Amino acid sequence: MPPQQRSEHRKAVKQEPPTPRQLPVVGLHFVGRGTELAQLDDWLAADADGPATVVISGMAGSGKTSLAVWWGRRAAERFPDGQLYLNLRGFGAEPEAGPAEALGHLLTGLGVPHGQIPADVPQAASLFRSVTADRRLLMVLDNARSAEQVRPLLPGGAGVKVLVTSRERLLSLAAVEGARSLPVAALAEPDAVVLVTRMVGAERAVAEPAAVTELVRHCGGLPLALRIAAVDLPVGVAHPIAERAGQLAGDARLPALRTRDDADSAVTAAFRHSYSRLGPATQQVFRLLGLLPAAEFDGEVGAAASRLPAAEVAPLLVRLTDANLLSTVRPGRYAMHDLLREFAAALAAATEPPGRREAATRRAYQWYVDRCRAAAARLAPNVPRADDEPADRSLFPEAADARAWLAVEYPNLCTAALAAPGRGVEDMAWRLAVPLRVPFMANRDLPSWLSVTAAGLAAAQRDGAVRASAALHVSLAVAHTIKGDPDEAVRHAGHGRRLSVRAGWPAGQLAARSLAAVLESRLGRSRSATRHFTAIVAEHRAAGNRSGAAATLNNLGVVRTLTSHLDAAAEVLQEALALHERSGSRLGAESARINLGVIHLHRGQLGRAHRCLADAAAGYERLGDIEGEAAAVGHLAVVQALQGDLRAALASAVTGLAALRSGADPVAEVLVLHSLATVRLELGHHKVARHYLERALRLATVSQTAQGRVAALTGLAHADLAAGAPDRAGDHARAAAQLARACDYRQPAAVADTARALALLRTGDRDGAAELAGAAADALRRLGCDLARGRALVVLREATGDERCTPVIDALLQETAPRYRRAVAS
C-alpha cells in the first residue's frame, strides 16, 4: 500500500472506530434459563422505543453474568452499534470500579480518545449520554455493588438497553429509574444435570446417572458449585462422579468446592465477599440463622435465635434478602440455600462462643416445641402430654390456625427432631417427637413417624426422661398398629405401660391399656376388648378426663358395632361425639360421626348414613387426615351404591384409595379396597373386583385384621358368584362365617351365611339355601340389622318362591335402589 493510502487508512480507522463487541465468552456452563431469557425478550421488546434497564440479581454463583452475556450474544442483531461490557467489581478481592474509571472504559469503548474524556465525573457522564444518544447499544454492567455505582453509567438514548448484574437487588434503581428486576435462583434439577453432563462429558454422565443427580443435590443446583465439583473429578477410580458426590455428602461441602489452583474461585470466597458487605448486626443474624434446623423459616424463629425483638430483626432479614443471602418465600417467611446455611454455620462456629451458639440453637428449637405442643393440644386434646406444663393454646385460637401452621412447618419439625442430637440440644429430639404424634396420626407419614419417634425415644432414654419415653413407646405402638404390625405394637404398648407405672403417670397407663384393647379388637378378640374399654372409660370418668373418655367410648362403640349391639353402640358413640365436640377434638368427633354412619347403614337408614359419612369426609379433608377421609369415603361409596348412584360411588371409592397410596395404612386400605370392589361388582366388573378383594385379603392377613379378612372373604364369595363359580363362592363364604363367629362378629357372620345360601341356590340346592337364608334373616332381625336382613330375605324369597315376605323386604330396603328389592345381588 502506498504511503498516502496508508495515511488515509489510518485516518479512517481513527475516525471510524470498530463497533464494540465486548461481551465475554460463555462456555459450556450456560444451560436452561428459558423463562428468564423469554422475560428479557419480552421486556426489552416492550421497551423498544425507550431506554430500558434490567437488574439481574441473585446469590453468589447463581449464573447472573452467564445469563446476561448469553442473552446479549443471542440478541446481538438488535444492537447494530455494539455491546459494551464492564465488570464493576462490586464483590471481590479487587477494589470496586469507581465512576471515573467506569465512564472512561465505556467512552473509550465507543471510540472517544482517552485524552478527550473529562476528569470531572458529571462532565464525563454527560459526554457519555451525548455519545450514546443516537445509538442502538447493549450495555452489560456486571457485578454491581449498589445503585449509586450504576446510576452515573446509565445512558440517555432511547436505543440503549442496560443489563445490570448484582448480588444486591438494587431496588432504588427500580424506584427511581424504573428498572425492572429479574431474580435468578439456583438451577432446577434437570438443567443442573445437563450442566454437569456438559462438564464431565456425556459418556461419563450416562455411566453414572444416579451419581450425577446426587452431585447436583449436594450442590443445591448452584452453577458455580456444580462447575467446580464437575471440573475436579478424582482420577484413578472406577466411579469418579460417585466418588466426587461422596466427598460432598454431609455438612462439610464448602472446603471441597474449590479448585486447587485458584483459591479465589472457591464458593466460600464468593460467599465471603457478599457477607463482608453487611453491617455487624446483620452479620450476626446471618451467622445465627446458620444454626437453625430448617432451610425455610418464619421470621419469628430468626428473632428467637438472635434474642432480639421481632421488630428489630425484621429489617435485618430484609437486608439479607436484598443481598440475596436469603430469599423471601412469602411475607415474613424466608429460605436460605443449603450452601449458604453451611457457610453461615461455619462463621458461627468460628465467631460465636460455644455457649452462645447452644443458647441460640436452644431458643430456636424452643420456638418450634412451644408451637408444636400448642397445635397438638388444640387438635387432639385427648392425646396425653409427656409433661405437666400446659400448652399455650393462645398461639392457635382456632383449630384451623393449628392445622395451617403444621402444614407449613411439618417438614421442618421432622428435620429438626432428627438433627437435634447433632446440634447439641439432644432433649429437643424427644420434646418435638412427643407432640408430633398428632400430625403423624393425621397424615399417616409412617416412615417419618417411625424414624422421628425412634430418635426421640433414644434421646429420652439417654436423658432419663421416663415419662417422655413412655409416651414415645405408645406413639410407636400406634404407628405399628396402623402399619399392620401387631407384634411390634404390643411390644411398644407394654413398654409404654410399664414406664408409665414407673413414672407415676396414670394418663400414660390408660393410653397404653387403651391401645392394647384396640389391638385386641383388631385381632378379633372382641369380648376381651369390650371388657378393657369399659374399664378404661370408667377410670377416665373417675379422673374427670373427658377427652380420654371420649376416645375410649369411640373405640368401645366400634367393638359393639362389630358384635352387632347396635343400640348400645349408638348410645356410646353419641356420648363420644358430644364429649369430643365439648373438648374441641375435631378428629375424635369426625371418627365418632363415621361410626354412627356405619350404624345407620346397618339399620338401612341410608339417608342418615349418607349425611354422617359425607360430613365426616369433609371434616377429615379439612383436618388433613388421610386415613379418616379414606375411611369415610369408603363407607360412603357403599351407601351411594345402595342408593343407586354408582358413578358417585365409584368416584368416592377411587378417591379414598388414591389418598391412601401415600398413607401406608393397610387397615384403612383394606376397607377402601372392599368398598371399591363392592362398587365394581355392582357395575359388573367382577374380574377387577376380584383383584381388589384378593389384595385386601393379603393386606388383612399380613396386618392380622380380623374384620378386614371377614369382609374380603365375603366379597370374594360374591365375586365368585358373579364369575359363575358357586362352589368356590361357598368355600369363601364358609371361611368368612367361621372367622366371624370366632370373633363374635354376629352381623358379618349372618351376611356371610347369606352369601353361602346364594351359592347353594346357584348350585340348585334350594332347600339348603332356604334354610341358611332363613336362619340368617332371623339372626339379623334379632340384631336390628335391617339392611342385611332385607337382602337375606331376598335370597330366601328366590329359594322358596314365597312372595309373602315381599312387603317386609320393601319396608326394610325402602331407601335402597329398586333393583336391590327385586333381585338377588351377584
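Guide: A contact here means heavy atoms within 4.5 Å. This is a predicted model, where local features need pLDDT of at least 70, side-chain atom pairs count only at pLDDT 80 or more, and totals for chains, interfaces and linings use all residues. Residues are numbered from 1 along each chain as its sequence is written, and side-chain values use heavy atoms, with hydrogens and water left out.

Visitor: What share of the contacts with a separation of 6 or more joins residues 24 or more positions apart?

Guide: Happy to help! Take the contacts in the protein chain with a separation of 6 or more. Those between residues 24 or more positions apart make up 67%.

Visitor: What radius of gyration does the protein chain have?

Guide: The radius is taken over C-alpha atoms, and the globule rule is 2.2 Å times the number of residues to the power 0.38. For 826 residues, a compact globule would come near 28 Å, but the protein chain has 36 Å.

Visitor: How many of the 826 residues, in percent, count as buried?

Guide: Buried means under 20% relative accessible area, with a 1.4 Å probe and protein chains only. Of the 826 residues, the buried share is 55%.

Visitor: Which element gives the largest share of the lining of the second largest pocket?

Guide: A pocket is an open set of points on a 1 Å grid over the protein atoms alone, where a 1.4 Å probe fits, with protein on both sides within 12 Å along at least five of seven lines; lining residues have an atom within 4 Å of a point. Helices (H or I, at least four residues) are DSSP runs, numbered from the N terminus. The largest share of this lining is four residues, and they come from α3.

Methods:
Helices (H or I, at least four residues) and strands (E, at least two) are DSSP runs, numbered from the N terminus. Buried means under 20% relative accessible area, exposed over 50%, partly exposed in between (1.4 Å probe, protein chains only).
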